[in-house]
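Work through the exercises below with the sequence and the model in view. Each task is followed by a solution in steps.

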Amino acid sequence: MHKLILYILLLSTLAFSQTISFEKALSSTIEYSKKIKQQEIEIKQKHEDLKKVKSFSYGNIDLIHEASKTNHAGHVFNSKLSSREATFEDFGFSQFGQAINTEPVDLNYPDSRKNFNTKLTYSIPLFTGFKLSSQEDILSLQKKAEQIKLNIDINYLSLEVLKAYNNAVVAKEFLEASKNALVAVKKYEDTASEFYKEGLVTKIDKKQAQVKRLNTQSNFIQAKNNFELSLAYLSFLTGIEDITDVKKLKNYEINKNIDTSSALEKRDEIKILKTTNNLYKKNIELNKASYYPSVYSYVEYGFNDNKITTNDDKDYYIALVGVKFTLFDETRGHDLQKSKLQYKKSLLQKQELEDSIKLEVKKAKLNLNAKSKVLEEKLKAKELAYEVLEQSKLMYKNKLISMSELLKQEAIYRQNEAELILSKYENSLAMAQFNLALGNDLFKGNK
């Protein structure tokens, strides 16, 4: 029964734990990222703004109903005219025989009147001096810029995932190395104890081995903690709980002889500034719109009476076409000049960024070359340190060297092993950063 319970617990643990690949970690992080989701919403908002501007071209239709009651002479007289009910009496003709300066009571002091006006209106801009089309172009460019910015942020999020994932892989390799070191040092301790019993070594050899084993055990505990911490951060990024293991180190391969000038075409930062250049150019056209006349149309059909009605005798219509041309507005010139200066500034910003990218690509390439060479040297150093360690083990068994010398060679080998692991991690980051400098998308991967 006890074994069955342990078996069930083991199965449940395995069911809720998983080994994650880099590709899975990356896709989960992008899908889980709140920042990425916010940017996607911003793109949708820009799309709605664009549709809103386009909808202005269709005009707008309104159904309006107004109900009022007043004794205001002008409003009363106007409502009677609008409902075709005005009489000569309303003009004050009942006092027609009085002096010319007589103030007609019927006209100036009418009884209060209700008025109901129900109307359907349609207004549409016929020509806006290219203002609407310019606004559409500007919003389209803004939306495009937001999409490029999203791509940039996903790339740098991918780099963060790469750092976190490869850090977990490296922490795992350090843990394995610490475990192997602990096994090796335990053998030294056992060997020293046996030799001491046979009187072949002194007590100090035995104690030195014990001290080394305790220190190595501490390193193992720290390595285990570092691995768990790296998995915890990976879980934080991906939103996946119970990650228990990772696979191999992720490397982005690259052709170091590639023409780095292509980065000026591929880099998203350049694409954003090109889009911004076009946006400011369109803004100049938008400011020029105020120099053109605007043409608009308005149609209204309704019913007006002292009660709600659809009587044909009470209906009316209005149809008009208007033209507006601004003869003088000094602020227009300042706005236009400002937009031209902003466009020139954006062109200089693009040139500045191009210079910066050239330097960034050069530095990334130099860094990658250095990291690759260091990795080759670290691999050779580890192999040599291993050969020296194996020879030292043989020499200690033959009592040609002391325990302290053997432990020294063990420490040298483990140090070279750790440096090799770290070098592989740094080389993987250098390759990813070179890819980014060239304008390659990390989240799409490469072969």
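Helices and strands here are DSSP runs, helices of at least four residues (H or I) and strands of at least two (E), numbered from the N terminus. The model is a predicted one.

**Exercise 1. Two residues with positive phi**

Task: Find where D242 and R84 lie, and state the phi and the exposure of each residue.

Solution.
Step 1. D242 sits in the loop that runs between α7 (203-238) and β4 (243-246). R84 belongs to the loop between α4 (73-82) and α5 (105-108).
Step 2. The phi of D242 is positive, near 60 degrees, and the residue is not glycine. R84 also has a positive phi near 60 degrees and is a residue other than glycine. As a rule, most residues other than glycine have a negative phi.
Step 3. D242 has a relative accessible area of 44%, so it is partly exposed. R84 reaches 53% and is therefore exposed, since the cut-off for exposed is over 50%.

**Exercise 2. Salt bridges within a helix**

Task: For K186 with D190, and for K271 with D268, give the N to O distance and the spacing along the helix.

Solution.
Step 1. The side chains of K186 and D190 form a salt bridge at 3.0 Å, N to O. For K271 and D268 the salt bridge has an N to O distance of 3.9 Å, which is within the 4 Å cut-off.
Step 2. K186 and D190 are 4 residues apart in helix α6 (residues 131-197), so about one helical turn separates them. K271 and D268 are 3 residues apart in helix α9 (residues 268-288), again about one helical turn.
Step 3. An α-helix has 3.6 residues a turn, so residues three or four places apart point the same way.
Step 4. K186 is partly exposed at 36% relative accessibility, and D190 is partly exposed at 37%. K271 is partly exposed at 33%, whereas D268 is buried at 10%.
Step 5. Elsewhere, E85, R113, D305, K307 and K314 are joined into one network by salt bridges that share partners.

**Exercise 3. Another salt bridge and the total**

Task: Describe the pair E265 and K274, then give the count of salt bridges.

Solution.
Step 1. The closest N and O atoms of E265 and K274 are 3.4 Å apart, and the two residues form a salt bridge.
Step 2. E265 is exposed at 53% relative accessible area; K274, at 31%, is partly exposed.
Step 3. The count comes to 27 salt bridges.

**Exercise 4. The span of a helix**

Task: Check the span of helix α11 (residues 403-438) against its 36 residues.

Solution.
Step 1. The expected span is 1.5 Å times one less than the number of residues.
Step 2. For the 36 residues of α11 this should give 52 Å, and the end C-alpha atoms are 52 Å apart, so the two agree.
Step 3. After α11 comes G439, which has a positive phi near 95 degrees.

**Exercise 5. Strands and a nonpolar patch**

Task: State how β3 pairs with β2 and β5, and which residues form the nonpolar patch.

Solution.
Step 1. β2 and β3 are antiparallel and pair over 11 bridges. I61 has Y122 in β3 as its bridge partner.
Step 2. β3 also pairs with β5 (residues 294-305) in the antiparallel sense, over 11 bridges. F127 has V295 in β5 as its bridge partner.
Step 3. I61, L63, L120, Y122 and V299 make up a nonpolar surface patch with about 490 Å² of accessible area together. β2 (60-70) and β3 (113-127) each supply at least two of the patch residues.
Step 4. L120 lies in β3 and is partly exposed at 45% relative accessibility.

Note on methods: Residues are numbered from 1 along each chain as its sequence is written. This is a predicted model: local features need pLDDT of at least 70, side-chain atom pairs count only at pLDDT 80 or more; totals for chains, interfaces and linings use all residues. Side-chain values use heavy atoms; hydrogens and water are left out. Buried means under 20% relative accessible area, exposed over 50%, partly exposed in between (1.4 Å probe, protein chains only). Patches are made of residues with over 30% relative accessible area and no salt bridge: like charges are joined within 9 Å, nonpolar side chains (Val, Leu, Ile, Met, Phe, Trp, Tyr) within 5 Å. Accessible areas come from the Shrake-Rupley method with a 1.4 Å probe; for residues, only the protein chains shown count as cover. Two strands pair if DSSP finds at least two bridges between them.
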